[in-house]
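Thanks for sending this one over. Here are my notes, set out as numbered points so that you can follow them alongside the coordinates.

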Amino acid sequence: MPRVLVIRSLTIMWAIVALHPHCGHCDDFPEIYNSEQQVDALPMAADEAAAGMELPAGFRVSVFAAEPDVQNPIAMTWDQRGRLWVAENFTYAERAQHFDLSLRDRVLIFEDADNDGIADSRKVFTDQVQMLTSVEVGRGGVWLMCPSQLLFIPDADQDDIPDGPAKVVLDGFEVAENNYHNYANGLKWGPDGWLYGRCGHSCPGRIGAPGTPDELRIPIDGGVWRFHPEREVFEALCHGTVNPWGHDWDRNGELFFTNTVIGHLWHVMPGAHFKESFGESNNPYVYERLDTIADHYHYDTTGNQPGSREGVGNNMGGGHVHIGAMIYQGDQWPEQYRDSLFTLNMHGRRCNIDRLERHGSGFVGRHEPDFFAAADPFFRGLEISQAPDGNVFAIDWSDTGECHEKDGVHRTSGRIFKISYGEPRESGPVSKPWCLAGEGKLPRLWRRYQAGETTPEYLRGLLSDPDEHVRAWAIRLLTDFWPLDTIVGPRIDATYPDAPESLKEFIRMAREDDSGLVHLVLASVLQRLPAERRAGLAAALVQHEHYVNDRDLPLLVWFGLIPLGESDPLALVEVAKACRWPETLTRITRYLASHIKEHPEPIDSLLASAPEMPVDLQQSVLTGLQQAFEGWRRAPQPSSWEAFLRTEVAMANPDAIRSLRSLFGDGRALDEIRSIVFDKQANLQLRHSALQTLIDSRPEDLRSICESLMDVRSLNATAVKGLVLFNDPEVGRQLAGSYQRFHPVDRPALMDVLVSRPTFAAALLDAVDQRNSRVPSNAISAFHARQIRSLGDETLNRKLAEVWGELRDSPEEKQQLMAELRGQLSGAASEQIDLSAGRLLFKKTCSQCHRLFGDGAKIGPDLTGAQRNNLDYLLSNIIDPSAVVNKDFRMSIVVTTDGRVLNGLIVSHDENRLVLQTQTELQSIPAEDIAETRETTESPMPDSLLNNLSPADIRNLFVYLQHPSQVALPEESQ
């Protein structure tokens, strides 16, 4: 859960960083060079690039600055004098190098005194930093994000010359070995006076002042954080997403941020856990995380949108990489743009717009037409910002390729564009209300708060204000320094004497306030309370039936209740009894049931109350029980189980109840389940479910039951899951010999079983090697080949090479193969191509993990919005997928106590079970069945995916992968 660290300067001094301690910039700045492979590729001239932008009528673009005055701009901000500060990053390098630390980065100051849209002056504030991602100005100096450090360069007299060397304020913002482009970024002052920033999920950090012991550091795993310079307090506000690279506040001080790969738009709710590209939260009790607030994607997720990925000509938005965020709040542009969020779409070379609307307790982002599209193939917008005169600036890194920089970095270009509307006017202070220059209740409140002019009594008086936003901010400011997730330590009322009175008001508001936004803020406050104080506020929140289907509240409240399950589970039961939200009740039940062995009383108490609940809430209790015990073979029977059996929902769900009875050791239930398995008149799905229950229970006659079903095509795919438990060579021979009896759809699952044990794999390879082969060699995929190799048996490896082929493992072999394919595929589009055959190959080879145009699994990243039109991008990811592996996509090898070896991605694990996503299924493995777990540095995608494909097949597959829209499958495959 989110936590807070108070950094005490009396125990930890700020560290000093100085490459050249007596100058902000020196004459020995390293020579900038380009490292991209396509040396003949150049950006359009800056003026041509500006002229080539497609904009709505009435708008114009000017080149505020361009190379050589600005190069590789990565971030910008405005000072109170209306000047533009720009961070240049030259140290960021291609994948093989990550960062070139023979170079340095730079902070520039631009001014346009006559406001004609062209910079009049340029200063270098400092060129003595490296790995620079962000700049912000204020509080006596300049703040720089240079992961792993947050730096402060003092400039108290604001003469644009550093008063001294940079000081390390915080460190621990680590830079990942692989996805290094996810590193920390995005410094901005918030309306509350805190300094906000962002962190990518692949670069998790443990944050503290220099010298802070690891156990006192605050973990952050993607998301948004904030730091208070005077109080020296750091907070991780939320966790998750993939790589947030833009955030902004609306006129009411609500914070939104943009993200890449998955959903692009998110609303910051302190204490929230947001979805990531794969897997579950590091906290095993989060269970399910909050999703994007956007009601759309900027690429085709359905396969029904022609041209959804083809450059600037489509209406979807261009791709899945979003950089920068600006909520327009000026009055220079037409009214239709006011309060909309603008973000730059890298693959689409354009600017997307989302219209922000209230939705339930939170917000939704609605799709609006794109604002501009760039013609320059080098356009890579990295930030967009409202200028003091009400117009807008966009910085352009100016490079091709994509964020991984596989093809090298073009460092010698960069642009700053100004996008204007109407007649120019005099520039003034930054005009956004949260920058403290606006009028109205909220800007006045923020100014008074930052000046130290508000008291708890004054803020509590605002809790009855007619404006929901004022009430929400009064809550936030009253609790601004209550530490997040205070589970142990001093009581908050000892530190903040007014806290009990404020909490009393919060509980009243939770019962009586009619604003969903206020309730959302109160749900975040739960995590600022000691665990023993949370039940009262939570119980008041969860009683409101009109939030039953709310997207945010049920999960956010649950996140705040998790510590209560450990410290006082009976209090959690009382919250459950007051709860009217099925989602929250399901999670409470799941938590309590999963701890039945050590704490049986809480789940007993909850089940005893179930007969008095409405049917929909009874269903939540049943669902929670099923989720809690998934993967268990035995569980203690709750003492109130018989009472639960009398509920309406129990009587309406006999199959689910039968499975739970079996889990609780009811022998009569097992007999009933056996009879269902062999009942040919029973519903097929019911027979499948019954057989799976038997497999989970492992009765003594399991092997004979499963063997008797091998000829039953409708059940043999489930029966094989039982036979895999028996490490007997005869079982392996029986399974390999039964290959043709399995439906084609079920054969991949059978193959997974046959490669899970050395004895089974030997039987498989023997079957492939026979003259009248019972198993065709192309049934062994690259996934299966790698699985066999992971068994560690050299005899099997030699046999695999004989019947299937060699794996090309060395870096040299991979580079050679890429070069060969690059030559073959460069002109593939003009040859005879069968796109339908390419889609079929994708379905057989890739769709087990990836989606394209809405077709396929969601294990790996969705390919639709990726940079598929770049052949080098495809080649490097297909031929050498393990070169750069996100930490969520590192393959693990799980060895079971009965000798099976399984490869896959660990979705979640706790003290009771491990959930593993294999190539074909999600497996829940009891903890007692696991002998060993090893995380590898490899991708689940094998290197030899193209083995055994003909040149024509490879051409068809690659051209289909690069195609802008979905095509039909071949008729014979439908």
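**Notes on the helices and sheets**

1. Let me start with helix α8, whose buried residues pack against α6 (499–512), α7 (516–525), α9 (553–567) and α10 (569–578). Please keep in mind throughout that this is a predicted model. Helix α8 itself spans residues 534–541 and is mostly covered, with six of its eight residues buried. Those six are R534, A535, L537, A538, A540 and L541. An arginine, R534, is thus listed among the buried residues of α8, and you may like to look at it on screen.

2. One of the partners of α8 is α10, and α10 also meets helix α12 (residues 600–609). The axes of α10 and α12 come within 9 Å and cross at roughly 20°. That angle makes the two helices roughly parallel, since angles under 35 degrees count as such. The crossing of α10 and α12 is right-handed. On the α10 side the contact uses P569, L570, V573, A576 and K577, and on the α12 side E601, P602, S605, L606 and S609. By type, the residues of this contact split into six nonpolar, two polar and two charged.

3. Staying in α10, which residues does L572 touch, once those up to four places away in sequence are set aside? They are W558, L561, L564, G565, I588, Y591 and L592. L572 lies in helix α10 and counts as buried, because its relative accessibility is 0%. Its C-alpha is 9.6 Å from that of L606, with the two positions 34 residues apart in sequence terms. L606 is one of the α12 residues in the contact with α10, whereas L572 is not listed there.

4. A second helix pair is worth a look for contrast. Helix α21 (residues 729–737) and helix α22 (residues 747–754) have axes that come within 10 Å and cross at roughly 155°. The pair is therefore roughly antiparallel, as angles over 145 degrees are counted that way. Here the crossing is left-handed. G732, L735 and A736 of α21 meet L750, V753 and L754 of α22. Five of the residues in this contact are nonpolar, one is polar and none is charged.

5. Now a loop residue: is T454 buried or exposed? T454 sits in the loop between α2 (441–450) and α3 (456–461). It is buried, because its relative accessible area is 16% and the cut-off for buried is under 20%. Beyond its neighbours within four places in sequence, T454 is in contact with L445, R448, Y449 and L459.

6. Turning to the sheets, four strands form an open sheet in the order β23-β24-β25-β26, with antiparallel pairing. The edges are β23 (322–327) and β26 (362–373); each has a single partner strand, so one side of each has no neighbour in the sheet. Neighbouring strands are turned by 25° against each other on average, direction ignored.

7. Within that sheet, β23 and strand β24 (residues 340–345) run antiparallel and are joined by four bridges. One of the residues to check is I323, whose bridge partner in β24 is L344. Strand β25 (residues 350–359) pairs with β26 over nine bridges, again in the antiparallel sense. H359 has G362 of β26 as its bridge partner. The hairpin of β25 and β26 has two residues between the strands, and G360 there takes a positive phi near 60°.

8. Another open sheet of four strands has the order β3-β29-β28-β27, and its pairing is antiparallel. Its edge strands are β3 (59–66) and β27 (381–386), each of which pairs on one side only. The twist from one strand to the next averages 20°. Strand β27 runs antiparallel to strand β28 (residues 392–396), and five bridges join them. G381 is bridged to D396 in β28.

9. If you have time for a second pass, I would revisit two places in the model. One is α10, which packs against the buried residues of α8 and makes the right-handed crossing with α12. The other is the β25 and β26 hairpin with its positive phi at G360.

How values were computed:
Residues numbered from 1 in each chain as written. Predicted model: local features only at pLDDT ≥ 70, side-chain atom pairs only at ≥ 80, totals over all residues. Heavy atoms only, no water. Axes fitted to C-alpha atoms, helices over the stretch in contact; angles between N-to-C directions. Parallel < 35°, antiparallel > 145°, perpendicular 65-115°, else oblique. Left-handed = near helix turned anticlockwise from the far one by under 90°. Contact = heavy atoms within 4.5 Å. Nonpolar A, V, L, I, M, F, W, Y, C, P; charged D, E, K, R; others polar. Pairing = 2+ DSSP bridges. Buried < 20%, exposed > 50% of the residue type's maximum accessible area, 1.4 Å probe, protein only.
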